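User: I would like a close look at one part of this model, namely its charged side chains. Please describe where they sit and what they pair with.

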Amino acid sequence: MAAPEEIGPDAARRMALAAQGLARARPDAPGTRQFKDAARRLGVIQIDSVNVVSRTHYLPPFSRLGTYPREVLEAEAWGKAPSLFEYWGHEASLMPVEIQPLLRWRMARARNGQMWTGLARFGRERRDHIERVLAEIERRGPVVGGDFAEGPRGAPGWWAWSDGKRALEWLFWAGEITTKTRRGFERVYDLTERVLPRAVRDAPTPDEAEACRGLARISAQALGVATEADIRDYFRLPVDLARQAVRDLVEAGELTPVRVRGWKHPAYVWPEARRPRRVEATALLSPFDNLIWTRDRTERLFGVKVRLEIYTPAEKRSHGYYVLPFLEGEAITARVDLKADRKVGVLRVQAAWREDQTGPETAVRLARELTRMADWLGLERVETTGRGDLADDLSDALRDVDPDRYRPD
């Protein structure tokens, strides 16, 4: 058997950027078609409630498409004919509706008690209660958690808020209900059969092994080059099923084993993965972006340690509360701690930090991307606080790029 192909770390990084849709020019007027293409390429978009800059699910498309209409995501996720659905993919996620059958094994496991410990116990002890909630949704139609609160907050009054919420979460895990729409960030639930398109509902249910092969296939395509652990983490697959899925895909010729110089573990390449010679990307990356959500992989690809510091006490944070790495070309060259102050129409740069590969154009390119983000968010101007070792250069760049709208804080 021939030795696996050896790939250099620079080539691996470019392959990853291309697979993630970050190696192509942004469209001039991104709309529904471009958004759907990006969502299918990614396979999964993580949802998170933190709204310091924007809810995170809006940000990966912005990083790849630029100033797309946010209403496009809302229509595709929660409109009359959605192309996305919500479920547990990589954490709570939006995913193309056509992959829903590949996650039914997870729903079946949830119905058998393989979910969060407390919720699994609730499912065992209060199944009668869950069935009553399900029957009420079937009778009533779309509901929110407050519809099952006791006392003046909702009816029927014999359902306590905590038990009602637990029942809804159990039913969501089990795939019996899904998100029909959202009010603000609150889920509005309905029966899954009333939300998903008929073609998806009628699609056959694959067994666990086949489903995990399908999910591993999507992961490999979205990653470009990846270790088994990378592929497993993309959809949070069980170790044994992911390992077998990778073996099966290799045997079928759908994954090619390779060796990436500097990586400790064997890697795999999707045979049709693009291998660009150069990447000229410019993007602010959500801390929950697919490209960087696996911290070990981020360090392997870019040589930087990216850590989510939201849950770190303020005095112990290295870079800030909601920090977006800046992708410039093929490198992460800066980080900015951002906050959208919507009351006064300001995108605040609370801190700006250099990385080892910060270059002479970094501040200017970052300034342009910040003004683009401010426009997309509907904010009138960008302000900086002067904190961080890139802050002064960024202030000068913002003044040059958009003198009418920039002002130091």
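Analyst: What follows goes through the charged residues, beginning with the salt bridges and ending with backbone angles. The model is a predicted one.

Across the whole structure, a search returns 40 salt bridges. Side chains of opposite charge can pair when their charged atoms come close. A few of the pairs are described here.

One of them joins R261 and E6, whose side chains meet with an N to O distance of 3.0 Å. R261 sits in the loop between β8 (256-260) and β9 (267-269), while E6 belongs to strand β1 (residues 5-7), so this salt bridge ties together parts that lie 255 residues apart in sequence. Neither end is buried: R261 is partly exposed because its relative accessible area is 42%, and E6 is also partly exposed, at 35% relative accessibility.

A second pair has a buried setting. The side chains of E86 and R182 form a salt bridge of 2.9 Å, N to O. This pair also links distant parts of the chain, with E86 in strand β3 (residues 84-89) and R182 in strand β5 (residues 177-183), 96 residues apart. E86 has a relative accessibility of 2% and therefore counts as buried. R182 counts as buried as well, with a value of 13%. The cut-off that applies to both is a relative accessible area under 20%.

The third pair is local. D163 forms a salt bridge with R166, and the closest N and O atoms are 3.4 Å apart. Both residues lie in helix α8, three residues apart, which is about one turn of the helix. Helix α8 itself covers residues 161-173. The two partners differ in exposure: D163 is buried, with a relative accessible area of 15%, whereas R166 is partly exposed, at 42%. Beyond single pairs, salt bridges with shared partners join E86, K165, E169, R182 and R187 into one network. The strand pair E86 and R182 described above is thus part of a network. As for the surroundings of D163, its C-alpha atom is separated by 9.9 Å from that of G145, a residue 18 positions away along the chain.

Two arginines make polar contacts that can be described next. R64 lies in helix α3 (residues 59-65). The side chain of R64 reaches the backbone oxygen of Q20 at 2.7 Å. With a relative accessible area of 5%, R64 is buried. R399 is located in helix α15 (residues 391-401). A polar contact of 3.1 Å joins the side chain of R399 to that of D396. R399 is partly exposed, with 39% relative accessibility. The C-alpha atoms of R399 and A283 are separated by 20 Å, the two residues being 116 apart along the chain.

On the surface, E131, E138, E176 and E193 gather in a patch of negative charge. Residues counted in such a patch have over 30% relative accessible area and no salt bridge, so these four glutamates stand outside the pairs described above. One of them, E138, lies in helix α7 (residues 127-140).

Two charged residues also deserve a look for their backbone angles. Most residues other than glycine have a negative phi. E91 has a phi near 60°, a positive value in a residue other than glycine. E91 is in strand β4 (residues 91-96), and at 35% relative accessibility E91 counts as partly exposed. R236 likewise has a positive phi, near 55°, and is not a glycine. R236 is found in the loop between α11 (228-234) and α12 (239-251). Its relative accessible area is 37%, so R236 is partly exposed.

To put the pairs side by side, R261 and E6 connect a loop with strand β1, E86 and R182 connect strand β3 with strand β5, and D163 and R166 share helix α8.

Notes: Residues numbered from 1 in each chain as written. Predicted model: local features only at pLDDT ≥ 70, side-chain atom pairs only at ≥ 80, totals over all residues. Heavy atoms only, no water. Patch = residues over 30% accessible without salt bridge, like charges linked within 9 Å, V, L, I, M, F, W, Y side chains within 5 Å. Areas by Shrake-Rupley, 256 points an atom, 1.4 Å probe, with all protein chains shown as cover. Lys, Arg positive; Asp, Glu negative; His and termini not counted. Charge placed at Lys NZ, Arg CZ, Asp CG, Glu CD. Helix = DSSP H or I, 4+ residues; strand = E, 2+ residues; numbered from the N terminus. Buried < 20%, exposed > 50% of the residue type's maximum accessible area, 1.4 Å probe, protein only. Polar contact = N/O pair within 3.5 Å; in protein donor to acceptor, adjacent residues only side chain to side chain.
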